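I opened this entry to keep track of what I looked up, step by step. I start with the ligand, then go to the sheet, the helices and a few single residues.

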Amino acid sequence: MKGLIVYASKTKTTEKCSKILSEELDFKMVNIKDKKPDISNYDVIVIGSYIRMGMIDRQIKKFIIENKEKLLKKKCALYLCCGVQENMDKYFWTNYPQEILECAILKECFGCSLDVNKLKGIEKFVVKMMSKKNDTLKEKCINEKSIIKFVKTIKEIK
Ligand SMILES: Cc1cc2nc3c(=O)[nH]c(=O)nc-3n(C[C@H](O)[C@H](O)[C@H](O)COP(=O)(O)O)c2cc1C
């Protein structure tokens, strides 16, 4: 099976997860900011996005809407990088079309990694406010177990 990973990342966490997936699965990876990939020749499509203010990346959202019919005919696996993992279901259901969620073989959250010191202005303020309320954000780690599980499931269908 031939696979493609399409992702968007602001501060490189989603990209880091894409790299792990790409190496483990031997799938090509494409940053949506660089290229709008043609998914026709692939059997498995992995789509990864970060969450900011409850929203996935705008270009990933557009890509899914534009490719919806094609995606519905493929094996599609979704992952998010976000700080508040317990909101994962809410983030999926508010950001992705229902048909895509229903046919997706995987919907996972890989956690987050955040260096508040690298953020500026309003972004720094928002994250500081979120960190006060949420311990997960303070831990700032990628959930490697989720990535391993995700890879294993995809290898099983390969
Ligand atoms: C400005 C800002 C807003 C964020 N909003 C949310 C949010 O609403 N929910 C959440 O779970 N995580 C939120 N996060 C945490 C990010 O999802 C997390 O840092 C993620 O790893 C970012 O992925 P990236 O490094 O690929 O951009 C926010 C982070 C920033 C900087």
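For the ligand I count a residue as near if its C-beta atom, placed from the backbone, lies within 6 Å of the molecule. I keep in mind that this is a predicted model.

**Ligand shell**

Which residues come nearest to the ligand? I looked through the 23 residues around it and found Thr13, Thr14, Tyr50, Cys82 and Cys112 nearest. Two elements give two or more residues to this shell: helix 1 (13-25) and helix 6 (121-133). Helix 6 supplies the largest share, three residues. I then sorted the shell by class. It holds eleven nonpolar, eight polar and four charged residues.

**Sheet**

Next I traced the strands. Five of them form an open sheet, and the order is 2-1-3-4-5 with parallel pairing. Strand 2 (28-31) and strand 5 (106-109) are the edges, each pairing on one side only. I also looked up the turn between neighbouring strands, which averages 15° with direction ignored.

I went through the pairs one at a time. Strand 1 (residues 3-7) runs parallel to strand 3 (residues 44-50), with five bridges between them. Here Leu4 of strand 1 faces Ile45 in strand 3. Strand 3 is joined to strand 4 by seven bridges, again in parallel. Ile45 appears here too: its bridge partner in strand 4 is Cys76. Strand 4 then pairs with strand 5 over four bridges, in the parallel sense. In that pair I noted Leu80 opposite Cys109 of strand 5.

Is strand 4 mostly covered or mostly open? It is mostly covered, with six of its seven residues buried.

**Helix 8 and its neighbours**

I turned to helix 8 (residues 144-157). This helix lies across strand 3, strand 4 (75-81) and strand 5. Its direction is at about 165° to strand 5.

Helix 8 also packs on helix 1. The angle is about 35°, and the axes are 10 Å apart. I noted the crossing as right-handed. Helix 1 brings Cys17, Ile20, Leu21, Glu24 and Leu25 to the contact, and helix 8 brings Ile147, Val151 and Ile154. By class, the contact counts seven nonpolar, no polar and one charged residues.

I picked Val151 of helix 8 for a closer look. It touches Leu21, Glu24 and Leu25, leaving aside residues up to four places away in sequence. Its C-alpha lies 9.3 Å from that of Ile20, although 131 residues separate the two in sequence. Why does Val151 count as partly exposed? Because it has 15 C-beta neighbours inside 10 Å, and a buried residue needs 20 or more.

**Positive phi**

Last, I looked up backbone angles. Lys12 has a positive phi of about 85° although it is not a glycine. I placed Lys12 in the loop between strand 1 and helix 1. It has 15 other C-beta atoms within 10 Å, so it is partly exposed.

Met53 is another such entry, with a positive phi near 50° in a residue other than glycine. Met53 sits in the loop between strand 3 and helix 2 (58-66). Is Met53 buried or exposed? Met53 has 6 C-beta neighbours inside 10 Å, so it counts as exposed; the limit for that is 12 or fewer.

Note on methods: Residues numbered from 1 in each chain as written. Predicted model: local features only at pLDDT ≥ 70, side-chain atom pairs only at ≥ 80, totals over all residues. Nonpolar A, V, L, I, M, F, W, Y, C, P; charged D, E, K, R; others polar. Pairing = 2+ DSSP bridges. Axes fitted to C-alpha atoms, helices over the stretch in contact; angles between N-to-C directions. Contact = placed C-beta atoms within 7 Å. Left-handed = near helix turned anticlockwise from the far one by under 90°.
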